[in-house]
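Please open the model in the viewer and keep the sequence panel visible. The tour below proceeds by selection, one stop after another.

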Amino acid sequence: NWQLSDFADATVRQIRDAVGDRRVICGLSGGVDSSVVAALLYKAIGPQLTCILIDNGLLRQNEQALVIDEFTNHFKADLHVVDAEDRFLASLAGVVEPQEKRRRIGHDFIECFKKEAESIENAHFLAQGTLYPDVIESGADPDGPAATIKLHHNVGGLPEELGFELIEPLRDLFKDEVRRLGLELGLPEKLVWRHPFPGPGLAVRCLGEVTRDKLVVLRAADAIVIEEIEAAGLYRETSQTFAVLLPVQSVGVMGDARTYDNAIAVRSVNTDDFMTADWSRLPYELLARISTRIINEVKGVNRVCYDISSKPPATIEWE
Ligand code: XMP
């Protein structure tokens, strides 16, 4: 696409001019937006970019490994991985209320990021994957709607806390343009087409109190859901698909023994804007395979349900 390659070239030049010989920090989450920002920055300033991945222990299966592989083997970027699982899980201990989970995760994230960023010399800029719809929603665009809809999680917060100058190279782009730009920059299809994943990660899909043991169960079930929907060729047909670990036990029977184990809900939605969504009409055969595999392969699960609620009145996430 000629327009996007022009955009990429022009943005690369602008970044080089603005940055000079200083250093830029970019937080990576494993998601599309932050990956595209990092790839663009890497193209512009190479070794002057430092990426930070905070592993909060709430990432999906293999997510840390994927990010490390992409940004140290494919792009030879300077990547700092902060292993903060213990800290996040300690903060979440005993917390069941969803907004309180979000508050604690957000707070810990800023603290961890700040600490790591302070250890990086000559760091002057922070690069963020703010997209055009985020700009509109936050009311930050003077040409946008006058009323602020809500403060988006990507806008504000971190940069002010850290005292960095902000670089937001995707501010004029919509999501589909960001994806095309990512492909243009050489990011793999798998990463570019990845479903969105909430900042608080698996914490809001592990209903009730979050524990290390529950996360092991949820992560394994979620990996099976994704594997099967990819194998069926339906990953890109759905907007967001994942597993949720329910805070209930139910009775089952395995062999001669009675079990009293966890239930997993499978959630899959189709949506254009994530404001409204319909549940995906997944084929029964696919649902059957997902259910059989989760129950056979994930220790501690004896029941799988499929969520057939649309948004509204349900939300996409369960918390
Ligand atoms: P809901 O559950 O409100 O989700 O229908 C709409 C979209 O937003 C994502 N989501 C979040 N993203 N931080 C995020 O970065 C959050 O706290 C959060 N909560 C929900 C959700 O995954 C869906 O794509």
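**Stop one: Val32**

Select Val32 first: Val32 is buried, because 24 other C-beta atoms lie within 10 Å, and 20 or more is the cut-off for that class. Please bear in mind throughout that this is a predicted model. Val32 is found in helix α2. Next, display its contacts, leaving aside neighbours within four places in sequence: Val32 is in contact with Val178, Arg179, Gly182, Leu191, Val192 and Arg194.

**Stop two: Gly30 and the annotated site**

Move to Gly30, in the loop between β1 (23-28) and α2 (32-45). Is Gly30 buried or exposed? Gly30 is buried, with 20 other C-beta atoms within 10 Å. With neighbours within four places in sequence again set aside, the contacts of Gly30 are Leu59, Glu63, Leu66, Val67 and Phe197.

Now extend the selection to Ser29, Gly30, Gly31, Val32, Asp33, Ser34 and Ser35, which UniProt lists for "binding site" in an unreviewed entry. Both residues visited so far, Val32 and Gly30, are included in that list.

**Stop three: the sheet**

Select the strands and follow their order across the sheet. The sheet is open and has 5 strands, arranged β3-β2-β1-β4-β5 with parallel pairing. Which strands stand at the edges? They are β3 (78-83) and β5 (165-167); each has a single partner strand, so one side of each is left without a neighbour in the sheet. On average, neighbouring strands of this sheet are turned by 30° against each other, direction ignored.

Keep the sheet displayed and add helix α2. This helix packs on the sheet, where α2 touches β1, β2 and β4 (123-127). The direction of α2 makes about 155° with that of β1.

**Stop four: from β2 to β3**

Restrict the view to β2 (residues 49-55) and β3, which run parallel and are joined by 6 bridges. Two residues of β2 may be used to follow the pairing. For Ile52, the bridge partner in β3 is His80. For Leu53, the bridge partner in β3 is Val81. Finally, add helix α3 (residues 63-74), through which the chain crosses from β2 to β3. This β-α-β crossover is right-handed.

Key. Residues numbered from 1 in each chain as written. Predicted model: local features only at pLDDT ≥ 70, side-chain atom pairs only at ≥ 80, totals over all residues. UniProt positions renumbered as here; feature names shortened; annotations may be inferred. Helix = DSSP H or I, 4+ residues; strand = E, 2+ residues; numbered from the N terminus. Buried ≥ 20, exposed ≤ 12 C-beta atoms within 10 Å, placed from the backbone. Contact = placed C-beta atoms within 7 Å. Pairing = 2+ DSSP bridges. Axes fitted to C-alpha atoms, helices over the stretch in contact; angles between N-to-C directions. Right-handed = clockwise from strand over helix to strand, strands pointing away.
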